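Thanks for coming. I will go through one structure today, part by part, and keep it brief.

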Amino acid sequence: FTCRPDSLQKNQDLEFERNKERFEFLKWGSQAFKNLRIIPPGSGIIHQVNLEYLARVVMDQDGYYYPDSVVGTDSHTTMIDGLGVLGWGVGGIEAEAVMLGQPISMVLPKVVGYKLIGNPQPLVTSTDIVLTITKHLRQVGVVGKFVEFFGPGVAQLSIADRATIANMCPEYGATAAYFPVDDISIGYLTQTGRDKEKIMCTKRYLEAVGMLRDFKDSSQDPDFTQVVELDLTTVVPCCSGPKRPQDKVAVSDMKKDFETCLATKQGFKGFQIAPDRLNSTVKFNFEGSDFELTHGSVVIAAITSCTNTSNPSVMLGAGLLAKKAVEAGLTVKPYIKTSLSPGSGVVTYYLRESGVMSYLSQLGFDVVGYGCMTCIGNSGPLPESVVEAITQGDLVAVGVLSGNRNFEGRVHPSTRANYLASPPLVIAYAIAGTVRIDFEKEPLGINASGKKIFLKDIWPTRNEIQAVERQFVIPGMFKEVYQKIETVNKSWNALHAPSDKLYTWNPKSTYIKSPPFFDGLTLALQAPKTIEGAYVLLSFGDSVTTDHISPAGNIARNSPAARYLTSRGLTPREFNSYGSRRGNDAVMVRGTFANIRLVNKFIDKQGAQTIHFPSGETLDVFDAAERYKQAGHPLIVLAGKEYGAGSSRDWAAKGPFLLGVKAVLAESYERIHRSNLVGMGVIPLQYLPGEDAGSLGLTGRERYTIIIPEKLKPLMNVQIKLDTGRTFHAIMRFDTDVELTYFHNGGILNYMIRKMAS
């Protein structure tokens, strides 16, 4: 549970033990398909590997130069925008079609100019800047838009800083967050060991076509749809939480804000703890010593995620803070689950060479693996005594992580509050052991000599960090790590994979299963039919994320997915995670809407349940959907604003499709999820402006008939009739003619199969 030096090897061994079938499938694919390159497991996070190694900025092919670009099956693909490569995330469904030769179709986006002025204060990190921008742009409203950064303040940011800001683009809702190439970008290519001749050609090409920017020259500023501005001098150290990445809290306000959240009604900023329980404490024993937990106690502290581990300034800042903390005699309580999971091996290299790795280890922040880990919910178990104490006291325990998402139920089932923070702050809160602390007035801890140590006593200055970075983050490190990245993993090298052109399905596998998406598919098109008398499977409020719809983390032992895996002879130890089971539709459909923090308006408590209206019974969502399906009843989902925020998780569309959901009716959608619904043939309906479930008097207990006309056109209004006799209209969110073509085919994958077959 605590991080010991052999954690890395143990985790990598476990990864291969649990995911061997998935890795064999990938290795088969790398041999069966042309132009498919696999970066082996244990090498890092793909976005960071892309930034440090794969991205070329300018492509050189067949005697032609043209700008590099990328689409990726993860929403944080936008990280590469920080280097001047235009990139954004798409759902796996859309990506599969692209791989088969289908172009991406999109409405020409509006471009919001985000002007940066001023210099950041000495104690501010890039994490503080991006959390400030995330809150600001959520308020501005940039869903479906491109954001381009400009202004003299950009020149004050390193490429790592820009990449951190671009990485969190999905959290503020934009499609892309672009930083045009400048001399700092060219310098980064040199720093990361790219080929010198190619760098020279890249710069000459960009100059020739007018794409090399000088951010201090305002005459180069483009015309934008809209301009918003941030003065970097106004940014203060901050975190975001406890449930959403856009809910920024200044570090100076954290104690007060958390205590307000405890007493506030259940919601994004509320836990609704009874007044007489606000100061509850629970004593417990861990490894022979007695401790106590209360609301706000930190039980997970993770330096994780490509968002921050790609940035040497915050990583070295964390290392220097750890050094000063250890020298001051501070420690981290042993029951707190601490971890360091960098996005590439380069990070470990410069932390070790700069001499700070040993201090991080002394505080429990050992390298436990190279991957998303805690950020995506693979935090692993907490000690049983800790979980029992949290449960006994109904405590709001806390996870603090340097990740990009903190949605409910994502990080760990036992941490109801989760805060995004810079790596140095992750360590600070781990030492403090609680978020109920005012760092300006209260000490981090008291050392063995009885001296009070404050955060300001050990916080490294920007100059200290930059001096170490200049000395130790050098091109040779990147070259050494990346020249062997595809061969260094011995387990991957030894992995045997079938060499057949077609994949051989193993009916006994619980990981890889032939999907049912094409069952009953005919070459001839079937005309879309009116959806008659649909029941509402679930009724939601705002900001239902893809983590709520299709969680990636822990498979609860009492869930439909757990019952299925048990029936296949597996023990709870072998369940693994939903994310690892994405190749098996039988698990994933049972995991749809299985988030333990799901808030369904039909149920008076959080949980993955709903009401089966014909019987009036409260059932697990999967079991209710199965009953509806057996009776031949179609289903819809009602939702509020920002439906489908978060990951580009295609199972958040595939899962509802397999449950029998024919349409979703929401106030607004996040871009990728709407596209994924279209790709699966599920109709995304949107209330007319100024209308919602409340204004229309919808309870969700009605039955809905959605009239589908013979002739469809993009963004047309359709009529919806209720069994109560009421009628209203909604917008059918097929935004282009191409999307209508996909709908007529029952989804993009069906369209591609028919296209290839003909």
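**Loops, cavities and cores**

I will start in a loop, the one that runs between strand 19 (531-539) and helix 20 (546-549), where Ser 543 lies. Please keep in mind that this is a predicted model. Phi of Ser 543 is near 55 degrees, which is a positive value in a residue other than glycine. Is Ser 543 buried or exposed? Its relative accessibility is 6%, and the cut-off for buried is under 20%, so Ser 543 counts as buried.

Ser 543 also takes us to a cavity. Together with Thr 545, Ser 543 is part of the lining of the second largest cavity. The rest of that lining is Arg 138, Pro 170, Glu 171, Arg 244, Pro 245, Gln 246, Phe 407, Glu 642, Ala 645 and Gly 646. By class, the lining divides into 4 nonpolar, 4 polar and 4 charged residues. The space inside the second largest cavity is about 70 Å³.

How many cavities of 30 Å³ or more are there in the whole structure? The search finds 4. The largest cavity holds about 130 Å³ of space. Its lining has 14 residues, and Pro 170, Ala 174, Glu 670, Arg 671 and Ile 672 are the ones nearest its centre. You will have noticed Pro 170, which was also in the lining of the second largest cavity. For the largest cavity, the classes are 3 nonpolar, 9 polar and 2 charged. Helix 25 (residues 671-679) gives the largest share of this lining, with 3 residues. At least three residues of the lining come from each of domain 1 (44-228) and domain 3 (531-553 + 597-757).

That brings me to the domains. The chain is divided into domain 1 (44-228), domain 2 (238-480) and domain 3 (531-553 + 597-757). Between domain 1 and domain 2, the C-alpha centres are 29 Å apart. Their contact takes 35 residues from domain 1 and 37 residues from domain 2.

Now the cores. The largest nonpolar core has 116 residues. Those with the most contacts inside it are Phe 149, Tyr 172, Leu 351, Phe 365, Ile 427, Tyr 429 and Phe 439. This core draws at least three residues from each of domain 1 and domain 2. Apart from it lies another core of 72 residues, including Ala 97, Leu 537, Tyr 628 and Tyr 669.

Take Tyr 172 from the largest core. What is it in contact with, leaving aside neighbours within four places in sequence? The list is Ile 133, Thr 134, Leu 137, Arg 138, Val 142, Phe 149, Ile 165, Ala 166 and Ala 177. Of these, Phe 149 is itself among the core residues with the most contacts, and Arg 138 helps line the second largest cavity.

Next, a pocket. The second largest pocket has a volume of about 1200 Å³. It is lined by 44 residues, and Phe 657, Lys 662, Met 680, Gly 681 and Gly 746 lie nearest its centre. By class, that lining has 22 nonpolar, 14 polar and 8 charged residues. Several elements each supply at least two lining residues, among them helix 24 (651-659), strand 23 (661-666) and helix 28 (748-757). Which element gives the largest share? Helix 23 does, with 5 residues.

Helix 27 (737-744) also supplies at least two residues of that lining. Val 738 lies in helix 27. At 28% relative accessibility, Val 738 counts as partly exposed. Apart from its neighbours within four places in sequence, Val 738 is in contact with Gln 102 and Ser 105. From Val 738 to Ser 289 the separation is 449 residues in sequence and 64 Å in space, C-alpha to C-alpha.

Asp 650 sits in the loop between strand 22 (635-638) and helix 24. Its relative accessible area is 13%, so Asp 650 is buried. Not counting residues up to four places away in sequence, Asp 650 touches Gly 92, Ile 93, Glu 96 and Asn 676.

Two backbone points to finish. Gly 241 and Pro 242 are joined by a cis peptide bond, with omega about 15 degrees. Pro 242 is in the loop between strand 9 (238-240) and strand 10 (248-250). Asn 576, in the loop between helix 21 (560-567) and helix 22, has a positive phi of about 65 degrees although it is not a glycine.

Definitions and conventions. Residues numbered from 1 in each chain as written. Predicted model: local features only at pLDDT ≥ 70, side-chain atom pairs only at ≥ 80, totals over all residues. Heavy atoms only, no water. Core = buried A, V, L, I, M, F, W, Y, C linked by side-chain atoms within 4.5 Å. Buried < 20%, exposed > 50% of the residue type's maximum accessible area, 1.4 Å probe, protein only. Domains from an automatic or database assignment. Contact = heavy atoms within 4.5 Å. 1 Å grid on protein atoms, 1.4 Å probe; cavity = no way out; pocket = protein on both sides within 12 Å on 5 of 7 lines; lining within 4 Å. Points joined across faces, edges and corners; volume = space filled by probe spheres on them. Helix = DSSP H or I, 4+ residues; strand = E, 2+ residues; numbered from the N terminus. Nonpolar A, V, L, I, M, F, W, Y, C, P; charged D, E, K, R; others polar.
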